[in-house]
Every structure is written in C-alpha cells, then in structure tokens.
Amino acid sequence: MEKHYLMTPGPTPIPEEIIKTMARPIIHHRTPQYLDIVKKVNEDLKKVFKTSCNVLTFTASGTGAMEASVVNTLCQGDTAVVVRGGKFGERFAEICQAYGVKVVPVDIDWGTRPEPSVIEGALKRYPETKAVFMQLCETSTATVYDVKSIAGLMRERETILVVDAISGLGADEFEMDSWGVDVACGGSQKSLMLPPGLAFCAVSKKAWTMVRRSKLPKFYLDFEKYDQLVDKGDSPWTPSITLVIGLQRALSMITQEGVDNFIKRHKADAEFVRSFLKGLGLGIYSKFPSDAVTAAKVPHGVDGSELIRSLKAKGVTFAGGQSQLKGKIIRIAHMGGITREDLKAALGKLKEALKEQKAKV
Ligand SMILES: *Cc1c(COP(=O)(O)O)cnc(C)c1O
C-alpha cells in the first residue's frame with residue numbers, strides 16, 4: 001500500500017513506536033505501574049510547557065482545555081478580553097458567552113496578530129478585565145501570536161493571561177513561566193504525536209487565586225479535583241489509560257531529542273516549507289507565520305477545494321481554509337510526527353497537482 005500523507009494541523013500522524021506502545025494490553029490505572037507512568041508524564045509535560053506548575057490532564061479534545069480554562073477561573077458577569085483573529089479565537093469568545101462572561105472582543109484581521117498596544121488599550125478601557133484569552137498559534141490562519149510581549153503587560157496587573165497553545169506547543173517557541181503565562185492549554189493530536197483525546201491545562205500560582213474565587217459551574221473539568229491527585233499520579237475519574245501510556249512514549253521521544261531541539265526542528269521544517277512554496281510562486285497567507293502549520297495562498301485561477309481534492313487522490317491530505325478563507329488557502333502542517341521526507345513528498349505532489357491545474361508554477 002502506498003503511504004498516505006496526513007498533513008493536517010490536527011490530527012497529525014503517529015509514529016510507529018507510539019502506535020505499538022498503545023497496542024499493548026490495557027492495565028488498571030490504580031496500580032503502581034500506571035501511577036509511575038503518570039508521574040513521569042507530568043514531569044515531562046512540565047518540560048514541554050516550560051513550567052514548574054502542575055499540568056492537569058483531561059480526557060477531552062483540545063476544546064475541553066479551553067472550556068476548563070474559562071469555567072475554572074471566572075464568575076458569571078466577569079469581563080474577559082478575547083482576541084479574535086480566527087476560528088479558535090472565536091471559540092474562546094463563544095465559550096465565555098455560553099457561561100455568561102462579558103466578552104470584550106479584540107478583532108484583528110485574519111492572518112495578523114494582536115499588537116500589545118491594542119491589548120493594553122483594551123485593558124485600560126476595561127480595567128475590570130479578569131482575563132485575557134488568546135492563542136499561541138491561531139491554526140485557522142497559521143499565525144503565531146506574540147504571547148511573550150502580551151504576557152509582559154499582565155505582570156503588573158491582577159488580570160490573568162490564558163493561552164490556547166494547543167497547536168503551537170512543541171512547534172512554536174513557548175515559555176510559560178519565564179513569559180508569565182497563567183493558564184496554558186494543550187492537546188494531544190498536534191505536536192505531541194498522539195490521537196485526539198487528551199487535553200492539558202498548566203495553571204500558574206496567580207491563576208490559582210482566580211480558581212479559588214471562580215463560581216462558574218463545573219464538575220468533570222474542575223481543576224481542584226485534578227490538582228489534589230496530580231502529585232500522586234492519580235486522577236478523579238478513569239483516565240484515558242491508553243493515550244496516557246502513548247503520551248509517555250511521545251514525551252520520552254521529545255525529551256530525548258531535547259525540547260529545544262524539537263522546537264528548532266519545527267522551525268527548520270517550517271522554513272523549508274515556506275521557501276518551497278515561494279519557489280512554486282505561492283504566497284504565504286500569514287503576516288506572522290507559525291512554525292506548526294503554514295497557509296499558502298491558492299493562486300488565481302485555481303480552485304482551492306479542487307486542489308485539495310486532487311491531492312487527496314494522490315495520497316496527500318492538506319487542510320483547506322475555514323469560513324472566510326474557504327477555497328483561498330491550503331494549510332500544510334509540519335508538526336509532531338511529520339518528517340522532512342514526508343514534507344518533501346507531499347510538496348512534490350502539490351507541485352504536480354498545481355501543474356495539472358495549469359497554474360503558472
Ligand atoms: C486543534 C486546536 C484546538 C482544539 O480543537 P479540538 O478539535 O477540540 O481538539 C484548539 N485550539 C487550537 C488553536 C487548535 O489548533
């Protein structure tokens with residue numbers, strides 16, 4: 001069978017050794033064997049988030065971590081500044097609204113990033129703001145945001161910064177503690193090389209003071225329930241044992257390579273993809289391209305959806321654009337288990353497909 005190239009920004013391909021690890025017979029979670037695995041996983045997760053804070057693991061897709069970061073920190077009627085620069089920024093706003101949190105939207109053009117001065121302006125106009133919500137990588141536009149500078153604004157304030165780092169974590173540079181991020185969300189199916197199903201929240205000391213005053217309804221995703229057990233390697237409900245065991249394998253691969261080397265490899269792969277696309281005469285959509293995923297502009301005269309269909313027939317799955325970007329961009333992930341060889345093969349097919357569509361390449 002010919003290899004199929006899954007190049008979407010989630011799910012991403014799973015390396016063979018992780019698949020094999022997860023194929024072993026299941027074990028019980030209240031055993032010393034499993035608790036040791038979780039303790040190791042928790043230590044390694046801290047290295048990836050670059051934090052000394054606990055990282056809480058939920059059985060959920062990434063959105064579960066986003067929802068957890070809202071319901072655990074806020075009260076009904078609280079004000080939150082939410083960056084809306086794509087689908088995932090919109091999702092944070094929708095979650096806040098679902099729970100009666102007042103949203104101050106910071107709407108930016110898709111493909112751009114929120115400038116710190118704009119966030120600062122919103123905080124000055126709404127000094128009662130309890131939290132700022134933003135992405136590290138806004139996957140729908142393949143844009144990396146300047147989390148470090150925006151975190152810097154929060155240091156002197158009581159407002160917390162919540163970052164959806166689900167697609168950026170492990171690919172784009174991210175340092176929870178030294179930058180001063182308060183809640184960082186992660187997910188299993190991006191750079192962490194696993195199937196969907198695990199969501200993570202790393203929670204700072206400053207965020208914990210908000211957690212204790214938070215009154216939004218919560219049960220399954222209640223931070224306090226998880227935090228009480230995390231040091232023992234335990235969890236309040238049956239964990240996704242298989243995925244956690246896979247995660248141990250994934251994290252040991254990442255820490256063996258070194259988290260910084262892992263990130264550097266993503267940067268090099270991202271640069272390779274961007275320069276290949278430019279060589280084909282394709283523009284890069286984002287003004288601030290992420291190292292997790294690249295969005296290429298579909299050239300004039302080419303139907304973007306048709307291009308994606310024809311690539312699928314060639315064994316390559318790229319993601320298209322969502323909402324206003326439908327048919328206008330193709331998104332190529334270069335994260336986690338996607339190798340340089342995969343990228344070369346997939347981009348070769350893209351060149352072929354474009355030629356067939358008689359684009360001027
Ligand atoms: C993938 C992703 C999510 C999570 O989406 P789920 O479908 O719930 O896993 C959240 N935010 C960003 C930026 C993402 O890329």
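**Close-up views of the predicted model**

**View A. Ala142 and its backbone conformation.** Ala142 is located in the loop that runs between β6 (137-138) and β7 (143-144). In this predicted model, the residue Ala142 adopts a positive phi of about 55°, although it is not a glycine. As background for this view and the next, most residues other than glycine have a negative phi, and most peptide bonds are trans.

**View B. The cis peptide bond at Pro11.** The peptide bond leading from Gly10 to Pro11 is cis, and its omega is near -5°. Pro11 itself sits in the loop between β1 (5-6) and α1 (16-22).

**View C. The shell of residues around the ligand.** The ligand is surrounded by 13 residues, of which the closest are Ser61, Thr63, Thr139, Asp164 and Lys190. By residue class, this shell divides into four nonpolar, six polar and three charged residues. Helix α3 supplies the largest share of the shell, namely three residues.

**View D. Polar contacts of the ligand and its burial.** On the oxygen side of the contacts, a polar side-chain atom of Ser61 lies 2.5 Å from an oxygen atom of the ligand, and a polar backbone atom of Gly62 is 2.9 Å from an oxygen atom of the ligand. A nitrogen atom of the ligand, in turn, is 2.6 Å from an N or O atom in the side chain of Asp164. Taken alone, the ligand would expose 390 Å², and the protein buries 87% of that area. The elements that give two or more residues to the surrounding shell are α3 (62-71) and α4 (87-98).

**View E. The seven-stranded sheet.** Seven strands, in the order β2-β10-β9-β8-β5-β3-β4, form an open sheet whose pairing is mixed. Its edge strands are β2 (55-59) and β4 (102-107), each of which pairs on one side only. On average, and with direction ignored, neighbouring strands of this sheet are turned by 20° against each other. In general, strands of a sheet pair through backbone hydrogen bonds, either parallel or antiparallel.

**View F. The pairing of β8 with β9, and helix α8.** Strand β8 (residues 160-164) and strand β9 (residues 183-187) pair in the parallel sense over three bridges, and in one of the bridges Val163 has Ala184 of β9 as its partner. Asp164, whose side chain has an N or O atom 2.6 Å from a nitrogen atom of the ligand, falls within the residue range of β8. Helix α8 (residues 205-213) lies across β8, β9 and β10 (198-203), and runs at about 100° to β10.

**View G. The three-stranded sheet and helix α11.** A further open sheet is built from three strands in the order β11-β14-β13, with antiparallel pairing. Here the edge strands are β11 (293-297) and β13 (319-320), and each pairs on one side only. Strand β11 runs antiparallel to strand β14 (residues 329-333), and five bridges join the two; within this pair, Thr294 stands opposite Ile332 in β14. Helix α11 (residues 259-279) packs on the sheet, where it touches β11 and β14, and the direction of α11 makes about 10° with that of β11.

Technical notes:
Residues are numbered from 1 along each chain as its sequence is written. This is a predicted model: local features need pLDDT of at least 70, side-chain atom pairs count only at pLDDT 80 or more; totals for chains, interfaces and linings use all residues. Side-chain values use heavy atoms; hydrogens and water are left out. A residue is near a molecule or strand if one of its heavy atoms lies within 4 Å of it. A polar contact is a pair of N or O atoms within 3.5 Å; within protein, one must be able to donate a hydrogen and the other to accept it, and residues adjacent in sequence count only if both atoms are side-chain atoms. Accessible areas come from the Shrake-Rupley method with a 1.4 Å probe; for residues, only the protein chains shown count as cover. Helices (H or I, at least four residues) and strands (E, at least two) are DSSP runs, numbered from the N terminus. Ala, Val, Leu, Ile, Met, Phe, Trp, Tyr, Cys and Pro count as nonpolar, Asp, Glu, Lys and Arg as charged, and the others, Gly among them, as polar. Two strands pair if DSSP finds at least two bridges between them. Axes are lines fitted to C-alpha atoms, for helices over the stretch in contact, and angles run from 0 to 180 degrees between N-to-C directions. Contact means heavy atoms within 4.5 Å.
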